[in-house]
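Please open the model in your viewer and keep the sequence panel beside it. The tour below moves from one selection to the next and says what is to be found at each stop.

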Amino acid sequence: TALAAVTGWFERHGVTEPNPLPHGEDLVDEVEFDMAAYLRSLWNEEQQKWHPIFFGPAEWRAPRWVPGFLYDMRMGIELGNDAAVRERVRERYDHVVSLSGLRPVAQDEGYHFAGPAERLLRESDTVTDLIASQRDDGSWRFHAHVATSGVFEGRDYGELGPDNAAEVGTCARNAWRLLRFAKMTGDEAAREAGLRALDFMERFEVPRAAQVWEVPVHTPDVLASADACEACLEGYLLTGDEHHLQRAVYWARTGLPFIYQWDVEGSEFVRHASIPVFGATWFTGSWFGRPVQWNGLVYARALLQLAEHDDSLDWRRLARGITVSAMYQQYTDAEHQALWPDSISAIDGNASGANFAPRRILNATYRLMGLQPMPVTAVADTDDGPIPVTAAGRVGDPELRDGALRFTVTYEPPQTGYATVCRVSRPDAVIVNGTPAPEVELPVEAEPPCWRYVQQPAMVELRLDGSGAHEVELARVTYRPGRLSPDPARELTFTFDAGA
């Protein structure tokens with residue numbers, strides 16, 4: 001009944017759109033506004049690095065180079081309307097790249113600018129650890145302990161819940177990571193572990209325990225709604241099982257009561273501001289009436305993905321509203337321009353905690369602009385097994401026929417990037433838009449289009465050139481199983497005949 005009341009609010013009040021954009025007439029204006037965070041607000045002139053956050057714990061704000069900030073600057077260079085702003089961003093971007101040697105990477109996982117192969121190989125280590133730590137029933141659990149480091153050093157986590165407590169929030173983010181990796185690579189161990197986790201998550205109905213670094217285990221939590229939605233959606237994309245899609249819709253609906261759905265004159269951020277939990281940090285710091293919009297933006301990310309597969313509610317409109325609320329929470333003064341607070345009072349607008357870079361706001365903004373900020377996978381089904389094709393664009397109709405794998409990758413301007421094809425033999429040639437592309441040692445250091453083959457995971461990494469549609473053919477290939485992580489060692493051997 002509560003969910004029905006919340007979801008009917010739009011219709012009862014005649015609301016068709018969220019608040020208007022706060023910093024300009026369109027989303028490009030918002031992107032340009034956010035560049036101030038990387039040019040001024042977070043920049044440490046003495047160290048020639050950024051503060052990852054402003055205020056907050058000292059270890060969190062120590063100056064460093066941040067690949068995600070470089071990603072946003074690269075997008076600002078491509079998208080901006082103001083030539084002078086674009087030039088200032090390009091100068092800072094080039095300067096940081098020359099000092100750091102870093103490449104731009106954010107939630108695209110390297111598929112736009114940096115190359116994804118190495119990140120996939122590193123992700124295999126995390127996946128191996130997650131599988132090793134998963135219980136036989138498919139769960140991961142809360143651990144009551146005394147913190148020996150970090151912001152809550154010395155606090156007894158036994159105060160927040162019983163040891164080995166399990167909720168959807170203790171499992172969902174790990175399940176999402178495993179299932180996404182399985183979808184992108186075809187890894188069977190990750191697939192089995194991720195689906196086992198989804199089975200365990202079936203027993204829960206209330207979103208809880210995604211923020212147990214400070215919030216009691218029993219507390220209802222919008223981040224758990226978001227994580228569970230994304231995990232179930234990955235299960236659907238991996239298997240095609242409609243039950244997983246319906247569970248994703250269910251968990252998306254559980255997030256609705258955390259989102260304010262009314263207007264307050266003079267406090268435009270309130271509509272679609274997100275309460276993080278219905279409870280308190282360590283039972284003392286209440287979160288009622290105190291939005292934490294980064295939680296809402298994670299939820300919005302889940303909704304924007306869900307909107308591509310379900311229309312039972314206008315998920316995109318709600319995600320846009322959450323994003324616009326975050327924009328209204330950004331500071332406009334010169335010293336802190338484009339930053340936004342960890343939390344803000346819905347009663348008097350008082351902000352507190354660390355001030356964040358606009359990274360999460362921009363990720364949602366890119367998707368609302370029709371761009372693709374995260375990798376997408378399509379699969380060529382063969383008699384031997386699936387061949388996943390992944391890019392941060394639209395991947396169309398992979399098919400293995402007559403010894404050739406053919407597919408398309410389409411980027412909305414100004415995006416371009418890389419694609420990976422896992423579980424294939426080395427192709428005799430890679431043909432892009434009718435022209436053979438050269439094989440190179442490192443695509444990130446070569447002119448596109450180009451490609452390389454990575455032996456153990458049986459993976460082609462392909463770098464494409466420019467926006468629009470790319471027709472790709474991998475000539476004379478077959479299905480070939482591969483692994484991104486090595487098999488566990490059962491004995492010591494120093495012959496190095498094969499494998500990692």
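This is a predicted model, and the first selection is a hairpin. Select strands E10 and E11, which form a hairpin with 2 residues between them. E10 covers residues 394–401 and E11 covers residues 404–411, and the two pair in the antiparallel sense over 6 bridges. For a point of reference across the pair, show Glu399, which stands opposite Arg406 in E11. Then step into the turn and pick Asp402, whose phi is positive, at about 55°.

Next, bring up strand E7, residues 351–356, together with strand E3, residues 53–54; these two run antiparallel and are joined by 2 bridges. If you label Ile53, its bridge partner in E7 is Phe356. Keep E7 on display and add strand E6, residues 340–344, which also runs antiparallel to E7 and is joined to E7 by 4 bridges. Here the pair to label is Ser343 and Ser352, the latter standing opposite in E7. E6 and E7 form a hairpin with 6 residues between them, and Gly349 in the turn has a positive phi of about 75°.

**Helix H6**

Now select residues 83–100, which make up helix H6: its 18 residues reach 26 Å from the first C-alpha to the last, close to the 26 Å expected at 1.5 Å a residue. Colour Val85, Val89, Arg92, Tyr93, Val96 and Ser100, all of which are buried in H6. These residues cover an arc of only 105° around the axis, so they lie on the same side of H6. What covers this buried side? The cover includes helix H3 (27–41), strand E1 (43–44), strand E2 (49–50) and helix H5 (67–79). Turn the view to the face directed away from the buried side, and you will find the exposed residues Glu91 and Ser98.

Both ends of H6 deserve a look as well. At the N-terminal end, Asp82 acts as the cap, with a side-chain oxygen 2.8 Å from the backbone nitrogen of Ala84. Beyond the other end, H6 is followed by Gly101, which has a positive phi, near 75°.

**Cysteines**

How many disulfides are there in the model? With a disulfide taken as a pair of cysteine sulfur atoms within 2.5 Å, the count comes to 0. Select Cys229 and Cys232 to see one example: the sulfur of Cys232 is the closest cysteine sulfur to that of Cys229, but at 7.6 Å it is too far for a bond. Cys229 itself is buried, at 0% relative accessibility. A second example is Cys422, whose sulfur is 17 Å from the closest cysteine sulfur, in Cys450, and therefore too far for a bond. Cys422 is likewise a buried residue, with a relative accessible area of 0%.

**Two buried residues in loops**

Go on to Ser425, which lies in the loop between strand E12 (418–422) and strand E13 (429–432). Is Ser425 buried or exposed? Ser425 has a relative accessible area of 16% and is buried. To see what surrounds this residue, show Tyr453, Arg476, Val477, Thr478 and Arg480, with which Ser425 is in contact once its neighbours within four places in sequence are left aside.

The other loop residue to select is Gln372, placed between helix H14 (359–368) and strand E8 (376–381). Gln372 is buried, with a relative accessible area of 12%. Its contacts, again leaving aside neighbours within four places in sequence, are His112, Arg367, Ala392, Gly393 and Gln415. Gly393 is 21 residues away from Gln372 along the chain, yet their C-alpha atoms are separated by 5.6 Å. Also check the side chain of Gln372, where a polar atom lies 3.1 Å from the backbone nitrogen of Met374.

**Last stop: Lys183**

Finish in helix H8, residues 168–185, by selecting Lys183. This lysine is buried, with a relative accessible area of 9%. Which side chain does the side chain of Lys183 meet in a polar contact? The partner is the side chain of Glu234, at 3.0 Å. Not counting residues up to four places away in sequence, Lys183 touches Glu234, Leu237, Leu238, Thr377 and Pro388, and showing these residues together completes the tour.

Methods. Residues numbered from 1 in each chain as written. Predicted model: local features only at pLDDT ≥ 70, side-chain atom pairs only at ≥ 80, totals over all residues. Heavy atoms only, no water. Pairing = 2+ DSSP bridges. Expected span 1.5 Å × (residues − 1). Buried < 20%, exposed > 50% of the residue type's maximum accessible area, 1.4 Å probe, protein only. Arc of directions from axis to C-beta. Contact = heavy atoms within 4.5 Å. Polar contact = N/O pair within 3.5 Å; in protein donor to acceptor, adjacent residues only side chain to side chain.
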